[in-house]
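User: Hi! Could you walk me through this model?
Analyst: Happy to, here it comes.
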Amino acid sequence: MTQISIPSDALITVAGTVGVGKSTLTAALAQRLDFRTSLEKVDHNPYLEKFYHDFERWSFHLQIYFLAERFKEQKAIFEAGGGFVQDRSIYEDTGIFAKMHADQGTMSAVDYETYSSLFEAMVMTPYFPHPDVLIYLEGSLPSILGRITERGREMEIQTEVTYWEKMHGRYADWIGSFDACPVLRLNIDEYDVNDPSSLDDIISRIGVAIQESRRAKASLNV
Ligand SMILES: Nc1ncnc2c1ncn2[C@@H]1O[C@H](COP(=O)(O)OP(=O)(O)O)[C@@H](O)[C@H]1O
Ligand SMILES: Nc1ncnc2c1ncn2[C@H]1C[C@H](O)[C@@H](COP(=O)(O)O)O1
């Protein structure tokens, strides 16, 4: 199969639940495509560990922090003119995490409202490049829990399994109605990030998805 080249200004975003393999695939794709990465910085997050110990107390602070961080990343991608693989989308902050905590009562209704209006205002700006394609990583809950354990972040390992179970279910519902950009679904049992031919296959599929979406946009003149 002839491989369709990926435009050098593309923005490829990798989405999926915690531990599914986003950062690993982001790094592998960026290296192969000679793209830059936009990574989530977990180690210097001042709220994350506190949040896992007390969701109610820290949910709002953490969401505002993630929103600010991701918006800065979006702006950097916009200013660079693309050419990035991004680890996690801004859509997951609001569509998965903030909503889940609001629904389960660990973020108050007023905090959720404030957060959501800030999110809407940020997304409406020209600094917000929508991805050319969102790669959605999916897998079974046991495989994902195994990866969370293997990675060894104590705060995640100590968190009740029901938290990850609820998140896993929410992701499945969320992706079913996600329509902000084209989606490429990848099952984690069906690729090997260390196998070059497996990455070739993913890159071919990314190429096709981007080509189709750019053609569709051009025909609508948007
Ligand atoms: N394709 C893969 N096969 C096997 N293990 C993987 C794969 N991708 C990631 N992992 C492992 O799973 C764990 C979580 O991966 P990571 O990329 O950090 O997930 P995420 O960014 O989605 O939270 C890490 O220990 C990583 O080494
Ligand atoms: N928006 C978020 N709210 C709560 N927690 C979040 C949010 N975004 C990321 N996280 C957490 C989940 C993980 O513990 C780390 C990093 O995510 P990962 O999926 O491992 O890249 O941050």
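Below we talk through the sheet, the ligands and one helix.

User: Before we start, what should I keep in mind?
Analyst: This is a predicted model, where local features need pLDDT of at least 70, side-chain atom pairs count only at pLDDT 80 or more, and totals for chains, interfaces and linings use all residues. Residues are numbered from 1 along each chain as its sequence is written, while chains are lettered from A and ligands numbered from 1 in the order in which they are written.

User: Cool. What is the strand order in the open sheet?
Analyst: The order is 2-3-1-4-5, with 5 strands and parallel pairing. Strands here are DSSP E runs of at least two residues, helices are H or I runs of at least four, and both are numbered from the N terminus. Two strands pair if DSSP finds at least two bridges between them.

User: Which strands stand at the edges?
Analyst: Strand 2 (36–38) and strand 5 (183–187) do; each has a single partner strand, so one side of each is left without a neighbour in the sheet. On average, neighbouring strands of this sheet are turned by 20° against each other, direction ignored. Axes for such angles are lines fitted to C-alpha atoms, for helices over the stretch in contact, and angles run from 0 to 180 degrees between N-to-C directions.

User: And what does helix 1 touch on the sheet?
Analyst: Helix 1 packs against strand 1 (11–15), strand 2, strand 3 (84–87) and strand 4, and its direction makes about 175° with that of strand 3. Contact means that two C-beta atoms, placed from the backbone, lie within 7 Å.

User: Is strand 1 buried or exposed?
Analyst: Buried: 5 of the 5 residues of strand 1 are, so it is largely enclosed by the rest of the structure. A residue is buried with 20 or more other C-beta atoms within 10 Å of its own, exposed with 12 or fewer, and partly exposed in between, with C-beta atoms placed from the backbone. Leu-11, Thr-13 and Ala-15 point one way from strand 1, and Ile-12 and Val-14 the other way.

User: What are the bridge partners of Val-14?
Analyst: In strand 3 the partner is Asp-87, and in strand 4 it is Ile-135. Strand 1 pairs in the parallel sense over 4 bridges with strand 3, and likewise over 4 bridges with strand 4.

User: What about Gln-86?
Analyst: Gln-86 of strand 3 stands opposite Thr-13 and also opposite Ser-38. Phe-84 and Gln-86 point one way from strand 3, Val-85 and Asp-87 the other way, and all are buried.

User: Switching topic: which residues surround ligand 1?
Analyst: Among them are Gly-16, Gly-21, Lys-22, Ser-23, Thr-24, Arg-147 and Arg-151. A residue is near a molecule if its C-beta atom, placed from the backbone, lies within 6 Å of it. Helix 1 (22–33) and helix 6 (141–151) each supply at least two residues of this shell.

User: And ligand 2?
Analyst: Of the 14 residues around ligand 2, Val-18, Glu-40, Phe-66, Asp-93 and Phe-97 come nearest. Helix 1, helix 3 (55–80) and helix 4 (90–103) each give two or more residues to that shell, and helix 3 has the largest share, 3 residues.

User: Last one: is Lys-217 buried or exposed?
Analyst: Lys-217 is exposed, with 11 other C-beta atoms within 10 Å. Lys-217 lies in helix 9 (residues 196–220). From Lys-217 to Ser-198 there are 19 residues in sequence and 29 Å in space, C-alpha to C-alpha.
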